[in-house]
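Let's take a walk through this one together, from single strands up to the way the copies meet. Have the viewer open while you read.

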2 protein chains.
Amino acid sequence: MHIRKQRLLTPGPTPLYPPALHAMMASDIHHRTEDFRKLYGETLADLKQVLGTSNDVLILVASGTGAMEASVSNLFSRGEKVVVCYAGKFGERWLEMTKAFGLNAIPLKAEYGDVVTPQRLEAALEAEPDVKGVFIQASETSTGAAHDIQAMGRIVAKTSAIFVIDAITGLGTMPLDIDGWGLDVVIGGSQKAFMIPPGLAFLSVSAKAWKKGETSDLPHYYFDLKKEKKNADKGESAYTPSTSLILALNAALKYIKSVGMDKLVANAQLLAKATRAAVTELGLELFSPGSPAASVTAVKAPPGMDSGLIVKGFRTRFGAIIANGQGSMKGQIFRVAHLGYFDFADVFAIVAALEIILAAEGVPVKFGAGVAAAQRVYAEAAGVAR
Amino acid sequence: MHIRKQRLLTPGPTPLYPPALHAMMASDIHHRTEDFRKLYGETLADLKQVLGTSNDVLILVASGTGAMEASVSNLFSRGEKVVVCYAGKFGERWLEMTKAFGLNAIPLKAEYGDVVTPQRLEAALEAEPDVKGVFIQASETSTGAAHDIQAMGRIVAKTSAIFVIDAITGLGTMPLDIDGWGLDVVIGGSQKAFMIPPGLAFLSVSAKAWKKGETSDLPHYYFDLKKEKKNADKGESAYTPSTSLILALNAALKYIKSVGMDKLVANAQLLAKATRAAVTELGLELFSPGSPAASVTAVKAPPGMDSGLIVKGFRTRFGAIIANGQGSMKGQIFRVAHLGYFDFADVFAIVAALEIILAAEGVPVKFGAGVAAAQRVYAEAAGVAR
């Protein structure tokens, strides 16, 4: 109990890939040099390969929200009708942002923990044929729910609207076939499955989205996608890049390429499955049982218990940071992440710690029962005979 | 399974304390400057405080074996009679070393897994009253056994012999009252409970040891304790110090001071207890059940199984490095460490992984059973009601 290692188990920032962290030490590099252009160009190429798209991929010095704003301010025009699918705190951000830029946002709301179905989106687009864009979260980090992006992509592709996806926690945790599913803008952030600190956002932009952006009339300067694209083609960024984070991203992408993006996704999905099995075995309820995301598992606190006690238990007993619910869900749920640099040993430790925390709060727990449920998921996936 | 974090679970090198690792980045410092003298002096003072001794404490640029040699070559004379207590591979190193320097070594051997008792040492010293030194391991890393240093110190203190203790894995994992127990030379290494990479050795030297060393006639140059002491008093080292590791040690000592050395020891002892409970619950046998060390737990592989399969299982399934047996014990036992920057979440993960590895090798295992045994040790120590 006297040594408590710091363990970052939140859905971003996430655990860092150590060699990426170490690569940041080479930051005494000037960004307008051939060396850096080579690095930046290679990083962009690796990112594009990892995202698995032929669309343009751009990196911005911003948090993920910056790339969300860039997609609004660069691709739309004042008063345009858009559909905003929202089912949590990050969905609400799309709503606020599109309104802030004067778009005419039609909200498609789902309750927290639930998702907006493809059927509802299809109906909305049929009812409003002049919709110019659809905004959504691939994985809604605040509730641990995942949208059916594949089915929705197929629906939006049939219209003239562009499909803008906040995949900040979706990338690396769920399959996202950008080209095959018609995902026009896909947004990611460095501090998620990419295993490096926050500070970089990136996005892919389809030909359909570029085309739509040509007539955009919204004000923007720093987030200038066309300018970034022009510079990216030369291995440069429009404004001063975050050199340390580019070095980190370069190292992390080499690792992700060696693992394989599909396997990184499979890893998150398996850890999420093991975590769901464990908490269910412990008698806890999932917050999004219908469409659970693999980025983060949101779990309801036992009836009558503030989930903050569980968050506090992780911190004080085990030095581990997990996430409470956000906004109105605070105190109701707790969230453990699986995105990026997480492995099964993490799950075992988290579940054993959770069992102790619950026991300390008077919840009847059979020690090892949740761990065993997670172990069974491992054993099944690894073909370990029982 | 696709992400396997590297976890270093061996009895040295041990898991690194991240801020100590980061501190190494400030190595662009010259060692003959006021800044470095301040750092070096502070590090020596902190080390002395953490060791809890009023004896002189010196740091050498060497692995632990270098400090062992320094204690022989600086404090003894050719042909002197010494008692070497040995019960494993590191004890044998004392025997080889004292012989290499021409000492007349009386071996006191215990079988691997066993220890030399204070009674045997007492009898040996009574039989040979002209013994000038006693050499021993506090914790014999190769077998996971701990000697009764307190009782032995009391026995040696009554003689004119000096007591030289290889506490390389003992420091930070067992109580060692250097001044109170009459421990004349206590040797440590950086890559153990001190949570930093290998490359530094240190030792404390009592007045009795200095006095004895005055007449030493053995050849030495690099390992010159008197010269190191003279330099240390000025905040310097005799030869070029390992600046990066001094920076790391400085940071790690600040952390150890904040935890408290007694609590660091209690931590290792509790983790060792939890690990013993877990492996016993899984039906495995401890290799040193009588005098188990808290530095490392040595466990016999199930009958008929090569322990290398368990070591390999940790590496390939979980990216974790545990230790096989050394020398003749290779294939018989496996060893997991607890010294330094280890916590309960590590134990939970290690035990759950071990359960899976055993199951994969066809050993009947009830998933979660070993973890539950470790959790009970936590719960008892933390006062979590069950």
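Which strands of chain B does helix 4 lie across? Keep in mind while looking that this is a predicted model. Helix 4 of chain B, residues 89-100, crosses strand 3, strand 4, strand 5 (133-137) and strand 8 (162-166) of chain B. Relative to strand 3 of chain B, helix 4 runs at about 160 degrees. Helix 8 of chain B, residues 225-232, also packs on the sheet, where it touches strand 2 and strand 10 (200-205) of chain B. The direction of helix 8 makes about 105 degrees with that of strand 2 of chain B.

**The seven-stranded sheet**

In chain B, seven strands line up as an open sheet in the order 2-10-9-8-5-3-4, with mixed pairing. Its edges are strand 2 (56-61) and strand 4 (104-109) of chain B, each of which pairs on one side only. On average, neighbouring strands here are turned by 20 degrees against each other, direction ignored. At one end of that order, strand 3 (residues 81-86) and strand 4 of chain B run parallel and are joined by six bridges. If you want a spot to click on, Tyr86(B) sits opposite Lys109(B) of strand 4 in chain B.

Now hop over to chain A and look at strand 5, residues 133-137. Are its residues mostly covered or mostly open? Mostly covered: five of its five residues are buried. Gly133(A), Phe135(A) and Gln137(A) point one way from the strand, Val134(A) and Ile136(A) point the other way, and all are buried. Strand 5 of chain A pairs with strand 3 (residues 81-86) of chain A in the parallel sense, over three bridges. There, Val83(A) stands opposite Val134(A). Strand 5 of chain A is also joined to strand 8 (residues 162-166) of chain A, again running parallel, by five bridges. In that pairing, Phe135(A) has Val164(A) as its bridge partner.

**A smaller stop: three strands and a helix**

Chain A has an open sheet of three strands too, in the order 11-14-13, with antiparallel pairing. Strand 11 (296-300) and strand 13 (323-324) of chain A are the edge strands, each pairing on one side only. Strand 11 of chain A is linked to strand 14 (residues 333-337) of chain A by five bridges, and the two run antiparallel. Thr297(A) has Val336(A) of strand 14 as its bridge partner. Helix 11 of chain A, residues 307-318, packs on this sheet and touches strand 13 and strand 14 of chain A. The direction of helix 11 is at about 40 degrees to that of strand 14 of chain A.

Here are the strand pairs for which bridges have come up so far.

| Strand pair | Bridges | Sense |
|---|---|---|
| Strand 3 and strand 4 of chain B | six bridges | parallel |
| Strand 3 and strand 5 of chain A | three bridges | parallel |
| Strand 5 and strand 8 of chain A | five bridges | parallel |
| Strand 11 and strand 14 of chain A | five bridges | antiparallel |

**A covered helix and a partly exposed methionine**

Helix 3 of chain A (residues 64-75) is mostly covered, with 10 of its 12 residues buried. Among the buried ones are Met68(A), Glu69(A), Val72(A), Asn74(A) and Leu75(A). Its length checks out as well: at 1.5 Å a residue, its 12 residues should span 16 Å, and its end C-alpha atoms are 17 Å apart, which agrees.

Met261(A) belongs to helix 10 of chain A. Is Met261(A) buried or partly exposed? A residue needs 20 or more other C-beta atoms within 10 Å to count as buried, and Met261(A) has 19, so it is partly exposed. Leaving out residues up to four places away in sequence, Met261(A) touches Val50(A), Gly52(A), Gly172(A) and Ile256(A).

**Where the two chains meet**

The contact takes 41 residues from chain A and 40 residues from chain B. On the chain A side, helix 10 (261-281), helix 12 (344-360) and helix 13 (369-382) each supply at least two residues. Helix 12 of chain A gives the largest share, 10 residues. By type, the chain A side divides into 28 nonpolar, five polar and eight charged residues.

How do the copies relate? A rotation of 180 degrees with 0.0 Å of shift along its axis superposes chain A on chain B, at an RMSD of 0.0 Å. That is the relation of a two-fold axis. Within chain A, Gly368(A) comes closest to the rotation axis, with its C-alpha at 2.1 Å. And 98% of the interface residues of chain A are also interface residues in chain B, so the copies meet through the same surface.

How values were computed. Residues are numbered from 1 along each chain as its sequence is written. Chains are lettered from A and ligands numbered from 1 in the order in which they are written. This is a predicted model: local features need pLDDT of at least 70, side-chain atom pairs count only at pLDDT 80 or more; totals for chains, interfaces and linings use all residues. Copies are superposed by least squares on the C-alpha atoms of residues with pLDDT of at least 70 in both. Two residues are in contact if their C-beta atoms, placed from the backbone, lie within 7 Å. Two strands pair if DSSP finds at least two bridges between them. Helices (H or I, at least four residues) and strands (E, at least two) are DSSP runs, numbered from the N terminus. Axes are lines fitted to C-alpha atoms, for helices over the stretch in contact, and angles run from 0 to 180 degrees between N-to-C directions. Ala, Val, Leu, Ile, Met, Phe, Trp, Tyr, Cys and Pro count as nonpolar, Asp, Glu, Lys and Arg as charged, and the others, Gly among them, as polar. The expected span of a helix is 1.5 Å times one less than its number of residues.
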